[in-house]
Amino acid sequence: MTSRWLWSPIILAALLVVYRPLLREPTFFFEDHALVREAGSKEPVAELFRIEPSLYFHRPLGRLIWRAVHGAFADEPLAYQATSLLLHWVNCLLLIGLSRRLAPRRPALAVAAGLVFALYPLQVETVAWKSCWYDLISTLFYLWTVVLFLDLRGSGSPLLVPLSMVTMQCCLWSKELAFTLPVLLLGLHCLLEGPRHGRATLALACHALLLVLDLGQRVALWGRIGGYPHLTDYF
């Protein structure tokens with residue numbers, strides 16, 4: 001393998017083959033219809049980022065992407081299905097990049113991880129159900145933040161600190177999965193061998209601060225951090 005990008009078109013081709021039924025007959029499922037209607041609203045973009053007390057979750061970035069796709073393609077289901085597949089493909093490439101950083105001497109293992117992630121049957125729902133864009137988008141920025149942090153540990157490039165803060169914030173705006181990200185980064189920083197540049201510690205503090213600000217804003221406006229308020233009623 002002479003280039004890390006050699007596998008990009010190969011993985012994309014594999015995804016197109018496996019998911020060709022979805023592209024041949026694209027359709028909306030369940031909550032997809034409601035999200036398409038919401039994306040067509042004339043609500044100002046800034047309102048998407050306001051924490052709305054009547055909602056269960058604060059995921060403005062996903063809503064913004066829904067708005068962008070709807071603005072370009074209206075309610076054409078093929079465009080939404082292609083977007084799902086594109087997000088999944090980018091996540092596969094990020095996973096390969098992450099695996100290469102964790103095991104730099106085993107590039108074949110990184111490619112295998114990417115292919116398994118791309119074609120594993122449990123991914124079908126996430127790719128087919130457009131309402132799962134929140135999962136795909138949060139995974140994208142989650143993996144990207146981890147990749148940037150690993151690069152930061154080694155190189156200490158000053159540009160990586162603000163860039164990783166941007167990807168961290170985008171992850172927070174995507175899904176509550178982001179709440180675990182600072183803990184994961186701290187664990188990697190403590191457990192992995194190799195150089196530990198001082199700016200990595202700064203990045204950890206910045207990520208933790210972003211999380212505290214996000215949680216504080218939720219508690220101040222909602223009285224909770226999000227989620228279904230009466231979930232315990234079902235148990």
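Trainee: In this predicted model, which residues does S8 touch, not counting residues up to four places away in sequence?

Mentor: S8 is found in helix α1, residues 7-18. With residues up to four places away in sequence not counted, the residues that S8 touches are W89 and L93.

Trainee: Does S8 count as buried or exposed, and at what relative accessibility?

Mentor: Buried means under 20% relative accessible area. S8 falls under that limit and therefore counts as buried, its relative accessibility being 7%.

Trainee: How are α11 and α12 oriented to each other, parallel or antiparallel?

Mentor: Two packed helices are described by the angle between their axes and the distance between the axes. For α11 (residues 181-191) and α12 (residues 198-222), the axes are 9 Å apart and the packing angle is about 160 degrees. Angles over 145 degrees count as roughly antiparallel. The two helices, α11 and α12, are therefore roughly antiparallel.

Trainee: Which residues of α12 does α11 meet?

Mentor: The α11 side of this contact consists of P182, L185, L186 and H189. By class, the contact has six nonpolar, three polar and no charged residues. On the α12 side, the residues met are A200, T201, L204, H207 and L211.

Trainee: On which side of α11 do its buried residues lie, the same side or opposite sides?

Mentor: The buried residues in α11 are L181, P182, L185, L188 and H189. Around the axis they cover an arc of only 125 degrees, so they lie on the same side of α11. V183 and L191 are exposed on the other side of α11. The answer for the buried residues is thus the same side.

Trainee: Which helices are included in what covers the buried residues of α11?

Mentor: The residues to be covered are L181, P182, L185, L188 and H189. Their cover includes α9, α10 (160-172) and α12.

Trainee: How is α9 oriented to α12, parallel or antiparallel?

Mentor: The axes of α9 and α12 are 8 Å apart, and the helices pack at an angle of about 150 degrees. That angle makes the orientation of α9 to α12 roughly antiparallel.

Trainee: How many residues of the contact of α9 with α12 are charged?

Mentor: From α9 the contact takes T145, F149, L152 and R153, and from α12 it takes R199, A200, A203, L204 and H207. Five of the residues in this contact are nonpolar and two are polar, while the number charged is two.

Trainee: Which helices do the buried residues of α3 pack against?

Mentor: In α3 (residues 32-39), the buried residues are D32, L35, V36 and A39. They are on the same side of α3, because their arc around the axis is only 100 degrees. An α-helix has 3.6 residues a turn, so residues three or four places apart point the same way. The buried residues of α3 pack against α5 (60-73), α6 (77-102) and α9 (133-155).

Trainee: What is the phi of F30?

Mentor: F30 lies in the loop between α2 (20-24) and α3, and F30 is exposed, with a relative accessible area of 68%. Most residues other than glycine have a negative phi. F30 is not a glycine, yet its phi is positive, at about 45 degrees.

Trainee: What is the phi of A74, and where does A74 lie?

Mentor: A74 has its place in the loop between α5 and α6. At 35% relative accessibility, A74 counts as partly exposed. Although A74 is not a glycine, its phi is positive, at about 55 degrees.

Technical notes. Residues numbered from 1 in each chain as written. Predicted model: local features only at pLDDT ≥ 70, side-chain atom pairs only at ≥ 80, totals over all residues. Heavy atoms only, no water. Axes fitted to C-alpha atoms, helices over the stretch in contact; angles between N-to-C directions. Helix = DSSP H or I, 4+ residues; strand = E, 2+ residues; numbered from the N terminus. Parallel < 35°, antiparallel > 145°, perpendicular 65-115°, else oblique. Contact = heavy atoms within 4.5 Å. Nonpolar A, V, L, I, M, F, W, Y, C, P; charged D, E, K, R; others polar. Buried < 20%, exposed > 50% of the residue type's maximum accessible area, 1.4 Å probe, protein only. Arc of directions from axis to C-beta.
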